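Below is a short report on how one protein chain is put together, written for use beside the coordinates.

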Amino acid sequence: MSEEHECIIGEWLNYEDAKLITFKELKQKVKENNSTFDYGLKTYGEDFMNGLMQQLKLKDYFDNRKNVNLNKFKYCPYCGKEIKWNVLKKEAVRWVKKVKENY
Ligand SMILES: [Zn+2]
């Protein structure tokens with residue numbers, strides 16, 4: 001048996017911080033991005049922020065019509081397990097409801 005691990009679901013595409021991430025890390029990154037965005041919006045205003053960064057929605061990462069900064073994997077590169085995007089999508093919806101934030 002291989003060691004238990006959180007499967008890698010994709011590569012987060014950011015020129016400063018490109019890395020392989022898990023579902024948990026994806027949620028964290030969206031959350032961090034949006035806290036920074038909200039702070040910037042309050043501090044610098046809408047026009048400034050729209051040119052600088054985007055507000056991200058977790059659900060967009062599960063929508064194949066959207067272009068997102070995540071290279072989504074079909075299989076975990078470590079264990080070869082299939083990434084069940086439809087299952088993760090449901091988890092994401094539950095998580096967003098639970099944290100009651102606008103993700
Ligand atoms: Zn894995």
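Helix H1 lies across E1, E2 and E3, and its direction makes an angle of about 105 degrees with E2. This arrangement, like everything that follows, is taken from a predicted model.

The chain has three helices and three strands. Read from the N terminus, the elements follow the pattern β-β-α-α-β-α. The C-alpha atoms occupy a box of roughly 50 × 30 × 25 Å along the principal axes. Of the 103 residues in the chain, 12% count as buried. Among contacts between residues at least 6 apart in sequence, 52% join residues at least 24 apart.

**The sheet**

The three strands form an open sheet in the order E2-E1-E3, with antiparallel pairing. E2 and E3 (70-72) are at the edges with a single partner strand each, so each has one side without a neighbour in the sheet. From one strand to the next, the twist averages 35 degrees. Strands of a sheet pair through backbone hydrogen bonds, which may be parallel or antiparallel in arrangement. The two pairings are set out in the table.

| Strand pair | Bridges | Direction |
|---|---|---|
| E1 and E2 (residues 19-22) | four bridges | antiparallel |
| E1 and E3 | three bridges | antiparallel |

Single residues can be placed within these pairings. Glu-11 stands opposite Leu-20 in E2, and Trp-12 has Leu-70 of E3 as its bridge partner. E1 and E2 make a hairpin, with six residues between the two strands.

**The core**

Which residues make up the largest nonpolar core? This core has nine residues: Ile-8, Ile-9, Phe-23, Leu-26, Val-30, Leu-56, Leu-58, Tyr-61 and Ala-92. Strand E1 (8-12) and helix H1 (23-44) are the elements that give two or more residues to the core. H1 provides the largest share, three residues.

Phe-23 is one of the core residues. With neighbours within four places in sequence left aside, Phe-23 is in contact with Ile-9 and Leu-88.

**Leu-88 and helix H3**

Leu-88 is found in helix H3 (residues 85-99). Leu-88 and Phe-23 are 65 residues apart in sequence, while their C-alpha atoms are 7.7 Å apart in space. Beyond neighbours within four places in sequence, Leu-88 is in contact with Ile-9, Phe-23 and Phe-62.

Is Leu-88 buried, exposed or partly exposed? Leu-88 has 18 other C-beta atoms within 10 Å. A buried residue needs 20 or more, and an exposed residue has 12 or fewer. Leu-88 is therefore partly exposed. The core is a set of buried residues, and Leu-88 is not in the list of nine given above.

The length of H3 can be checked against its residue count. At 1.5 Å a residue, its 15 residues should span 21 Å, and the end C-alpha atoms of H3 are 21 Å apart, so the two values agree. After H3 comes Lys-100, which has a positive phi near 50 degrees.

**Summary**

In this predicted model, H1 lies across the three strands E1, E2 and E3 and gives three residues to the largest nonpolar core. H3 contains Leu-88, which is in contact with Ile-9 and Phe-23, among others.

Definitions and conventions: Residues are numbered from 1 along each chain as its sequence is written. This is a predicted model: local features need pLDDT of at least 70, side-chain atom pairs count only at pLDDT 80 or more; totals for chains, interfaces and linings use all residues. A nonpolar core is a set of buried Ala, Val, Leu, Ile, Met, Phe, Trp, Tyr and Cys residues joined through C-beta atoms within 7 Å. Two residues are in contact if their C-beta atoms, placed from the backbone, lie within 7 Å. Two strands pair if DSSP finds at least two bridges between them. Axes are lines fitted to C-alpha atoms, for helices over the stretch in contact, and angles run from 0 to 180 degrees between N-to-C directions. The expected span of a helix is 1.5 Å times one less than its number of residues.
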